[in-house]
Amino acid sequence: MTRVAAVDCGTNSIRLLIADTDGQSLSDVVRTMEIVRLGQGVDVTGRIAPDAMERTLRAARVYAGQCVAADVERVRFVATSASRDAANAADFTRGIASAFSDFGIEPEVISGDEEAQLSFRGATSVVQPSTPAPYLVVDLGGGSTEFVLGAGDVTAARSVNIGCVRFTERHLHTDPPTDAEIDAALVDINAAIDEAAATVPLQRAGALIGLAGSVTTITAHALGLAVYDPERIHGTELSVEQAQRSCDALLRATRAERAALGYMHPGRVDVIGSGALIWRTIVGRVSAVAGIDTVLTSEHDILDGIALGLG
């Protein structure tokens with residue numbers, strides 16, 4: 001077994017997984033997440049804001065210290081949507097390389113296609129044999145969403161620029177969002193799903209598996225959890241109607257009402273409405289063309305895919 005560390009730095013959060021692996025399975029040592037909002041304003045300015053840069057680099061330095069303390073042998077740091085879009089991504093790259101100088105690595109700003117492949121590997125590594133294939137894995141992030149179809153291997157994948165942070169900044173400004181804001185967002189969401197469907201045949205999905213913080217938070221709502229519990233959330237199968245009811249409730253709630261929910265991370269309060277709107281639309285579109293009547297939630301995602309690749 002090799003002790004490895006995977007870091008996934010997205011638009012809204014930065015996450016660390018330290019695990020022992022043989023390349024086929026993982027034994028967690030540390031799994032943690034911090035919301036740093038690296039993508040704050042990137043959709044409008046095209047640049048990483050100075051305070052967002054500092055928040056993220058501070059978290060990265062803490063993660064690097066944890067890797068040293070845990071005697072990690074290999075580290076891979078992956079950055080996704082916000083880093084792909086930002087004109088000053090090179091400043092971010094230099095800061096991360098400095099933080100992880102003990103390991104001699106630099107962050108890898110990966111393409112949407114590679115992000116999709118890693119998410120699929122992580123999610124399907126723990127799929128139950130009874131789950132009907134092919135699987136449509138949807139990784140709903142802060143700046144982009146990946147659609148990946150496959151069984152053992154990926155057969156089609158597409159990344160599109162819809163995400164909970166990007167669409168909050170672009171569309172849902174009012175608290176709670178107005179019908180006009182929601183309608184405008186839906187035009188863009190449906191256009192992005194059409195773009196994904198041109199590459200990924202959504203109608204072939206035997207099961208729909210949702211990943212990342214928006215989907216897991218919606219699932220926590222559907223389960224009526226008092227606090228966030230990843231063990232309860234992972235593997236949950238909701239009916240399409242259950243998932244969409246929870247999406248509607250979170251979308252229409254005020255930020256104060258969302259903040260009062262025990263399972264809600266404070267860093268998701270302002271963006272969960274957009275995440276819920278995107279997930280509700282995807283669930284509706286896929287169920288209509290694929291004939292599925294349930295959706296699965298996974299706590300295992302790109303972070304697991306990165307770590308397995310280091311084994």
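**Figure 1. Ring pairs join F77, F92, F100 and F103 into one cluster.** The model shown in this and the following views is a predicted one. A search through the whole structure finds 3 aromatic pairs, and one of the pairs is formed by F100 and F103, whose ring centres lie 6.4 Å apart with 50° between the planes, an arrangement that counts as tilted. A pair of aromatic rings is described in this way, by the distance of the centres and the angle of the planes. The two partners differ in their cover: F100 has a relative accessible area of 0% and is buried, whereas F103, at 22% relative accessibility, counts as partly exposed because the cut-off for a buried residue is under 20%.

**Figure 2. The whole chain, with its 13 helices and 11 strands.** The radius of gyration of the chain is 18 Å, close to the 19 Å that the globule rule gives for 311 residues, so the chain is as compact as a globular protein of that length. Measured out along its principal axes, the C-alpha trace spans about 50 × 45 × 40 Å. Of the 311 residues, 57% are buried, and among the contacts with a separation of 6 or more, 70% are made by residues that stand 24 or more positions apart. The chain exposes about 12,100 Å², of which carbon and sulfur atoms supply 48%. The chain carries 25 positive and 40 negative charges, and the mean positions of these two groups are 2 Å apart.

**Figure 3. Helix α4 (residues 89-99) and the elements that its buried residues pack against.** The buried residues of this helix are A89, F92, T93, G95, I96, A97 and A99; among them is F92, which is also a member of the ring cluster. Which elements do the buried residues of α4 pack against? Their partners are the strands β1 (2-9) and β4 (74-79), together with the helices α2 (50-69) and α3 (81-85).

**Figure 4. Y63 in helix α2.** With a relative accessible area of 4%, Y63 is buried. When its neighbours within four places in sequence are left aside, Y63 is in contact with V7, I14, R15, L16, T32, M33, E34 and F100, and F100 is also a member of the ring cluster. A276 serves as a distant reference: Y63 and A276 are 213 residues apart along the chain, and their C-alpha atoms are separated by 30 Å.

**Figure 5. S119 in helix α5 (residues 112-124).** Is S119 buried or exposed? Its relative accessible area is 0%, and S119 is therefore buried. Leaving aside the neighbours within four places in sequence, S119 is in contact with V137, D139, L211, D301 and I302.

**Figure 6. Helix α8 (residues 213-223) and the residues at its two ends.** This helix is mostly covered, for 8 of its 11 residues are buried, namely G213, S214, V215, T216, T217, I218, T219 and A220. Before the helix, in the loop between β9 (207-211) and α8, is A212, which has a positive phi near 85° although A212 is a residue other than glycine. A212 is also buried, with a relative accessible area of 16%. After the helix comes G224, whose phi is positive as well, near 70°.

**Figure 7. Backbone details in three loops, at R37, P134 and P176.** Most residues other than glycine have a negative phi, and most peptide bonds are trans. R37, in the loop between β3 (26-35) and α1 (42-45), has a positive phi of about 55° although R37 is not a glycine; at 14% relative accessibility, R37 counts as buried. In the loop between α5 and β6 (135-140) is P134, which is joined to A133 by a cis peptide bond with omega about 0°. P176 lies in the loop between α6 (164-170) and α7 (179-197), and the bond that joins D175 and P176 is also a cis peptide bond, with omega about -5°.

Methods. Residues are numbered from 1 along each chain as its sequence is written. This is a predicted model: local features need pLDDT of at least 70, side-chain atom pairs count only at pLDDT 80 or more; totals for chains, interfaces and linings use all residues. Side-chain values use heavy atoms; hydrogens and water are left out. Helices (H or I, at least four residues) and strands (E, at least two) are DSSP runs, numbered from the N terminus. The radius of gyration is taken over C-alpha atoms; the globule rule is 2.2 Å times the number of residues to the power 0.38. Buried means under 20% relative accessible area, exposed over 50%, partly exposed in between (1.4 Å probe, protein chains only). Contact means heavy atoms within 4.5 Å. Accessible areas come from the Shrake-Rupley method with a 1.4 Å probe; for residues, only the protein chains shown count as cover. Lys and Arg count as positive and Asp and Glu as negative; His and the chain ends are not counted. The place of a charge is taken as NZ of Lys, CZ of Arg, CG of Asp or CD of Glu. Rings of Phe, Tyr and Trp (its six-membered ring) pair if their centres lie within 6.5 Å; planes under 30 degrees apart count as stacked, over 60 as edge-to-face and the rest as tilted.
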